[in-house]
Amino acid sequence: MLLARPSEEIASVLVAPKDSAAYPLLRKDGGFVLEGQEDAPLRESVMEEIVLSLGKVPAEAVVLPELNAEQGLTAAAFGLEPPRARVEITYQDGEKAELLLGDLTANEETPQRYCMLTGDPKLYTILEADCEVFFHEMEYLRDFEQPKIDASLLDRIDVTGSVVWSAAYTPSGWQMEAPFAYPLSVQRMDALLNRIESMGFETYLGGPEALDLAAYGLDAPEVTVRLTQAATVISGGTEDGRQVSFPVAAREYTLRLGAETGKSGVYLLWEGKVYKASNFLLGFWKTLNPRDLVLLNPVNFQVNNLDEVRLAASGMSKAYEVRMVESVTENNQIATDEYGQTLYDMAVRRAGETEDMDAEAFAAWYRQLAALSGDGTLPEGFALSGESRATITLKNSHLTRTVDFYSFDALHDAMAVDGVALFYVQKERVDQLIASAP
């Protein structure tokens, strides 16, 4: 063991990372506090990691019995002069120990660092995991509350700056509003919402009144994100089986991303406080590409959220009125599921007719529409011209979506969704859908 005395015997610790200011920790009431900031709460998990490392630091190996400058085996050659980090421990009986931490070794399977104890000529290696906590700056120790966002409650996202993107939630899914209007993919939006829920910060730096925002690139942030949560009511069951509900007020969160930290991180302003975070958890905002989120198959209305489908092509026009009706059993009773909830069937009627048509025939055709997706991406700057060869229109109680097909080349049509064309499809596929309409 490099540090063999129990952590309970430690009176103070000085941690001095090479790339940031040294900071002293003093024992107080069984724990540690920052000297001069005794009332500042510290992160419990980080302090537990520090205490654990100080009470047990086993050496992985003895690399050299002593350094040899004549052979080029100097402290500097191993990142120990100056050290990458220095840890000075003072015990309650006045004894001191100083641990010097150097470069990472070439062992990539089990990351290790070179280290020495002051007064001991041996060169050791220790596990990176046993000493990583001593490379953090002082601010890393400060306690703070991580963002807690329930992405299922969000109904609007606005991004401005180097990335421009806006989207709003509707009962038919997320709709992009900027940089252009287009429906968004359910799966890709779910992935983005999961990343929003997983946002986490590394270090709390303080309030903007005590910091120079320009030094962090936050006086003119590269990206600003506004997350809007509408007022809602959440319902659920208690452990004793009671159903309860409570209101959740509308709220807007603001995130501003500034300069890079130079260590795969970014400075940010969140709810009026300055933090540092890793690009792994926050950098996706700076690289967000609106085209990566668009819906590939635009006919994606569920039949229970569909009122009407219209098809127009080559002088032909067909319209289908869709509604959900209560399912009836053979005994002429309203059908229910195992929970007593009423079951519904789809009923379809051609516009202008008085009798319902074969719902299964319509459902089979609608499944073909729903499977239609782009076969490729149209060239940048492509502009629609001429008249559309065919138009599919979907309607429900709150939304109308139009999918037009314009001739692109001999084999393909440009597919425009609400007037925006991003993809092309095979003419043959479009013609088959037109010909098979019931």
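**Notebook: strands, cores and a pocket**

Started with strand β7 (residues 112-117), which is mostly covered: six of its six residues are buried. Note to self: this is a predicted model. I looked at the two faces of β7 separately, and both are covered. Q112, Y114 and M116 sit on one side, with R113, C115 and L117 on the other.

Next I checked what β7 pairs with. Strand β6 (residues 96-104) runs antiparallel to β7 and is joined to it by four bridges. In that pairing I found L99 opposite L117. Strand β8 (residues 123-127) also pairs with β7 in the antiparallel sense, again over four bridges. There, L127 in β8 is the bridge partner of Q112. I then traced the link between β7 and β8: they make a hairpin with five residues between them. G119 in that turn has a positive phi of about 95 degrees.

Moved on to the open sheet. How many strands form it, and in what order? I got eight, ordered β22-β21-β20-β24-β25-β26-β27-β23, with antiparallel pairing. The edge strands are β22 (344-350) and β23 (376-377), each pairing on one side only. I zoomed in on β25 (residues 400-407) and β26 (residues 412-417), which run antiparallel and are joined by five bridges. F405 stands opposite M415 of β26.

Then the nonpolar cores. In soluble globular proteins, nonpolar side chains tend to be buried together. The largest core here has 72 residues, and the members touching the most others are I157, W165, I196, L282, W285 and F362. Helix α6 (residues 359-371) gives the largest share of this core, six residues. A second, separate core has 31 residues, V13, V15, L54 and V133 among them.

I picked W165 for a closer look and left aside its neighbours within four places in sequence. Its contacts are I157, D158, V159, M176, A178, P179, L184, M189, L192, L288, P290 and L293.

Last stop, the largest pocket. Its volume comes out at about 590 Å³. Which of its 25 lining residues are closest to the centre? They are F135, H136, E202, K263 and K276. I sorted the lining by type and got seven nonpolar, seven polar and 11 charged residues. For the strands, I noted that β13 (203-206), β18 (265-270) and β19 (273-278) each supply at least two lining residues. The largest share, three residues, comes from β19.

How values were computed: Residues are numbered from 1 along each chain as its sequence is written. This is a predicted model: local features need pLDDT of at least 70, side-chain atom pairs count only at pLDDT 80 or more; totals for chains, interfaces and linings use all residues. Side-chain values use heavy atoms; hydrogens and water are left out. On a 1 Å grid over the protein atoms alone, a cavity is a set of points where a 1.4 Å probe fits but cannot get out, and a pocket is an open set with protein on both sides within 12 Å along at least five of seven lines; lining residues have an atom within 4 Å of a point. Grid points are joined across faces, edges and corners, and a volume is the space filled by probe spheres set on the points. Ala, Val, Leu, Ile, Met, Phe, Trp, Tyr, Cys and Pro count as nonpolar, Asp, Glu, Lys and Arg as charged, and the others, Gly among them, as polar. A nonpolar core is a set of buried Ala, Val, Leu, Ile, Met, Phe, Trp, Tyr and Cys residues joined through side-chain atoms within 4.5 Å. Buried means under 20% relative accessible area, exposed over 50%, partly exposed in between (1.4 Å probe, protein chains only). Contact means heavy atoms within 4.5 Å. Two strands pair if DSSP finds at least two bridges between them.
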